[in-house]
Amino acid sequence: MSQNTYCNPKIFIDGEEIKTVSSISYSTSVGTMSSLSVTFSNTNLENKDFFNKSIEFFLNDGSEDSSPMFRGLVKSSTLATESISVRAVDIRTL
């Protein structure tokens, strides 16, 4: 994921920062729960169990954020040959 001097997005899963993010898609609308889809380019994570783990997304646009833009739970993960994709839903789904 390309980064510039104004934006430094970070993803944490179960308190551990994942640094090999290749794409992030965040969606929200009025009256629905927020969702987050993230693709990691590192297959060293292939043996990890992501299901129901907490996930936090910090946008860090201009400076370090003190609270995440998105906080939720991983509901699905997909393993491809060179990447792993996870889909998370808002923490309010509990």
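User: Which residues does I11 touch, leaving out those up to four places away in sequence?
Analyst: In this predicted model, I11 touches E16, E17, I18, V21 and I24. The list goes on with L36, V38, F40, I55, E56 and F57.

User: What makes these count as contacts?
Analyst: The cut-off is heavy atoms within 4.5 Å. Each residue on the I11 list passes it.

User: Where does I11 belong in the nonpolar core, and how many residues has that core?
Analyst: The largest nonpolar core has 16 residues. I11 is one of those with the most contacts inside it, along with L36, V38, F40, I55 and V86. Five strands each supply at least two core residues: β1 (10–13), β4 (35–40), β5 (54–58), β6 (70–79) and β7 (84–90). As background, nonpolar side chains in soluble globular proteins tend to be buried together.

User: Which residue stands opposite I11 in β2?
Analyst: I18 does. I18 is also on the contact list of I11.

User: How do you know that β1 and β2 pair?
Analyst: Pairing needs at least two bridges. Three bridges join β1 to β2, so the condition is met. The two run antiparallel.

User: What is the strand order of the whole sheet?
Analyst: The open sheet has seven strands, in the order β2-β1-β5-β6-β7-β4-β3. Its pairing is antiparallel.

User: Why are β2 and β3 called edge strands?
Analyst: β2 (16–18) and β3 (21–27) each have a single partner strand. One side of each is therefore left without a neighbour in the sheet. On average, neighbouring strands are turned by 30 degrees against each other, direction ignored.

User: Is S25 in β3 buried, exposed or partly exposed, and what makes it so?
Analyst: S25 lies in strand β3. Its relative accessible area is 42%. Buried means under 20%, exposed over 50%. S25 falls in between, so the label is partly exposed. S25 touches S35, L36 and S37, not counting residues up to four places away in sequence.

User: Why is S35 called buried?
Analyst: S35, in strand β4, has a relative accessible area of 16%. That is under the 20% limit, so S35 is buried.

User: What makes the link between S35 and S27 a polar contact?
Analyst: Their side chains are joined at 2.8 Å. The distance limit for N or O atoms is 3.5 Å, so the pair falls within it. S27 also appears among the residues that S35 touches, with S25, Y26, F70, R87, A88 and V89.

User: Where is N60, and is it buried or exposed?
Analyst: N60 sits in the loop between β5 and β6. Its relative accessible area is 3%. Under 20% counts as buried, so N60 is buried.

User: What does the side chain of N60 reach?
Analyst: A polar atom of the N60 side chain lies 2.9 Å from the backbone oxygen of N8. The N60 side chain also reaches the backbone nitrogen of D65 at 2.8 Å. Both distances are within 3.5 Å.

User: Why is the pair of F12 and F58 called edge-to-face?
Analyst: The planes stand at 85 degrees. Over 60 counts as edge-to-face, so the label follows. The centres are 5.7 Å apart, and the pairing limit is 6.5 Å. The structure holds three aromatic pairs.

User: What parts does the pair of F12 and F58 tie together?
Analyst: F12 lies in strand β1 and F58 in strand β5, so the pair ties together parts 46 residues apart in sequence. F58 is buried, with a relative accessible area of 12%.

Methods. Residues are numbered from 1 along each chain as its sequence is written. This is a predicted model: local features need pLDDT of at least 70, side-chain atom pairs count only at pLDDT 80 or more; totals for chains, interfaces and linings use all residues. Side-chain values use heavy atoms; hydrogens and water are left out. A nonpolar core is a set of buried Ala, Val, Leu, Ile, Met, Phe, Trp, Tyr and Cys residues joined through side-chain atoms within 4.5 Å. Buried means under 20% relative accessible area, exposed over 50%, partly exposed in between (1.4 Å probe, protein chains only). Helices (H or I, at least four residues) and strands (E, at least two) are DSSP runs, numbered from the N terminus. A polar contact is a pair of N or O atoms within 3.5 Å; within protein, one must be able to donate a hydrogen and the other to accept it, and residues adjacent in sequence count only if both atoms are side-chain atoms. Axes are lines fitted to C-alpha atoms, for helices over the stretch in contact, and angles run from 0 to 180 degrees between N-to-C directions. Rings of Phe, Tyr and Trp (its six-membered ring) pair if their centres lie within 6.5 Å; planes under 30 degrees apart count as stacked, over 60 as edge-to-face and the rest as tilted.
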